[in-house]
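Hi everyone, thanks for making time for this. I'd like to walk you through one structure, so let me put it on the screen.

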Amino acid sequence: MWKFIHKLASPPHFYGLAAKIIPWFFLPGLILIFYGLYGGLLLAPPDYQQGDAFRIIYVHVPSAYLSLMAYSIMAISAGIGLIWRLKLAHAVAAAAAPIGAWFTFLALATGSIWGRPMWGTWWEWGDPRLTSELVMLFLYFGYMALRGAIDDTAKADRASAVLALVGAVNVPIIHFSVEWWSSLHQGPTLMKKGGPAMDAAMLYPLLAMILGFTLIFGALLLRRVRTEVLYRERRTRWVRHLVLSSAVEKK
Amino acid sequence: MTDNQPEMPGLGRGMMAVAKRDLFLAWKRPGDVLNPLFFFAMVATLFPLAVGPSAEQLEFSGPGVLWVAALLAMLLSLNSLFVSDFEDGSLEQMLVSPVPLAALSLGKTIAHWLTSGLPLVIVAPILGMTFRMPASVMGVLMLTLLLGTISLSLLGSIGAALTVGLHRGTALLSLLILPLAMPLLIFGARTVSLAAAGDVVAGGLYFLAAYAVLIVSLAPFAIAAALRISNE
Amino acid sequence: MTAKLTADSLTLFRGERCLFENLSFALNPGELLLLEGCNGSGKTSLIRAIAGLIELETGEIYWDEQPVRRQRQVFNNELVWMAHRVGFKADLSLVENLRFESALRRDSRHDLDDILTRLNINRLKRLPVRSLSAGQQRRVALARMLMSAATLWMMDEPVTNLDREGRSLVMTLVSEHLARGGMVIMAAHQDIQIDFPVHTIQLQ
């Protein structure tokens, strides 16, 4: 088992494998997003309260979900890297942070745009989920800033891993405290008791969007990890070999 | 000298030695203790000057302002927590000590709280009076700050340990710690507001106490890990 | 693998540069390990890595045939460390510093006054460390070694800033420690003359 993991996590092996996997994430993800957009923006009926404004959830909900998902991936791989000294895990954590920050930003932006017709303001402090997202964005910024401030990659990996783990313990507490702080927002729509309280014509495109976004996220993550691995392994023989052979091919 | 079972120095003794040494150093340099305290009073003074002296407004915003000021004052004092140990090499001596680094880190945090957190708790009621806080609320204010500053000392020490030796330490420390400290601010300030409105405050106090327990048990290990990494 | 301290294929990179690769050595009681090399050759990095202050890229260090990583406390209990930065609080006096340190380390139960007299710093003991010269501070660091009951002395450039008498004192103390069955790892760029088994690692 350990041998298998170590082989899988060996940089050259991963580099080749990831290249083969990426299309399998990317293409289905793209198809799902096309379906989701078509179904969500054209087929689904307008909401009886919110009108067409509700349609922004097709971007907002997947982004918000992925901002948490990316943080979890970041923290888990940081922990793995710290405990088992697996270099690939650190590369995954480093690659996940900027993508997570982008999805968090997207969730914030779409939430704010949605808030404009709903609350009549671009920013509503009373909304706990927007506020949590904002704190989440700060957490990502802190993580990336710490990484950027340390020159040595190995040291940056481990320092930021400690921060990611401390953050991971705090994320649920932050969410809980922000919920407690204010309760103005509409309740969770997707996960109500006794099944989702949403029309199927609205729901299926949303589920497709969530899955599609996740697949695209996977493809982006793998791509970034590949780049990260290539950069980190630049002094090794296999990278030199790879770069030289691709240069020959171009000629 | 090479016994089969060489005894190790005690964990509690090492922790107390570090705490005592840092308290003694603070005694020799009282400015390091007083500066954050002045800062606390100063920020709390700036606010009425900025928004005007209306009694209603001051009463309303008092808990929040005092809590934000306390949070910033703690942050200010945390900046230098490990810097001198790092620079003179005594941190390195702690790293190679048989006493677990987590225990020594806890010793440092205890000293930090006694010199930076506790004074804020004691001075807070005086500033509270200037915000027209009723005497009945003072107890809750002090209790929330007591629990909150303990947590902030520990949480901030993690950030201070991660940023020691980095050039952009100051701004970075705030960026790392402030988002993590938000639950403390929310519960601390809100609980005082609730007390001022005559509401039940037990929930908020329980949260702050639970948070303090959680962080007392986890933070020393994070601080130790961070110090090891930063000293490389 | 029967030596007290063994290192097995240590490798360390600093940024782009490989400081040492697949470095192995063994050390027994009564022996001195000398790390030689010019400035920037990685002496300090190597000795810091052995002390556990730097994480190695690969390789393992064993104490009593157990990996040091898994018994850090036990290993640290056998170790006393002397670095470039002496590790004393400038505001505290020499005695206050050493008293504090004795809580962090296994004590040899030697009389502090005897040690300070031997090192010729007893008259300075009430002064804050900041008022001592660099050479005098080095002597206080030597007092730390003598106060500890540790087997393994690790010294990074121990004779820096010391006068001729101080340098020969270091050699005498090291010899005495080896004669007691102690072990010494020393990084130095000067020649070291000593009548004990010396292993030398030359770093480029």
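**Where chains B and C meet**

So, to start with the contact between two chains: 27 residues of chain B are in contact with 28 residues of chain C. Keep in mind as we go that this is a predicted model. On the chain B side, helix 1 (11-28) and helix 5 (90-95) each bring at least two residues to the surface that touches chain C. Helix 1 of chain B makes the largest contribution to that side, with 6 residues. And for those of you thinking about chemistry, the chain B side splits into 12 nonpolar, 7 polar and 8 charged residues.

Now let's turn to chain C and look at helix 6, residues 164-179. Does its length make sense? Let's put that properly: what should its 16 residues span at 1.5 Å a residue? The expected span is 22 Å, and the end C-alpha atoms are 23 Å apart, which agrees.

Which residues of this helix are buried? They are C:Val170, C:Val174, C:His177 and C:Leu178. Looking down the helix axis, these buried residues fall within an arc of 100°, so they line one face of helix 6. Here is the background: an α-helix has 3.6 residues a turn, so residues three or four places apart point the same way.

What do the buried residues pack against? Their partners in chain C are strand 3 (32-36), helix 5 (134-147), strand 7 (152-156) and strand 8 (183-187). On the other side of helix 6, C:Arg164, C:Glu165, C:Thr172, C:Glu176 and C:Ala179 are exposed.

One last detail: just after helix 6 of chain C, C:Gly181 has a positive phi of about 95°.

How values were computed. Residues numbered from 1 in each chain as written. Chains lettered and ligands numbered in written order. Predicted model: local features only at pLDDT ≥ 70, side-chain atom pairs only at ≥ 80, totals over all residues. Helix = DSSP H or I, 4+ residues; strand = E, 2+ residues; numbered from the N terminus. Expected span 1.5 Å × (residues − 1). Buried ≥ 20, exposed ≤ 12 C-beta atoms within 10 Å, placed from the backbone. Arc of directions from axis to C-beta. Contact = placed C-beta atoms within 7 Å. Nonpolar A, V, L, I, M, F, W, Y, C, P; charged D, E, K, R; others polar.
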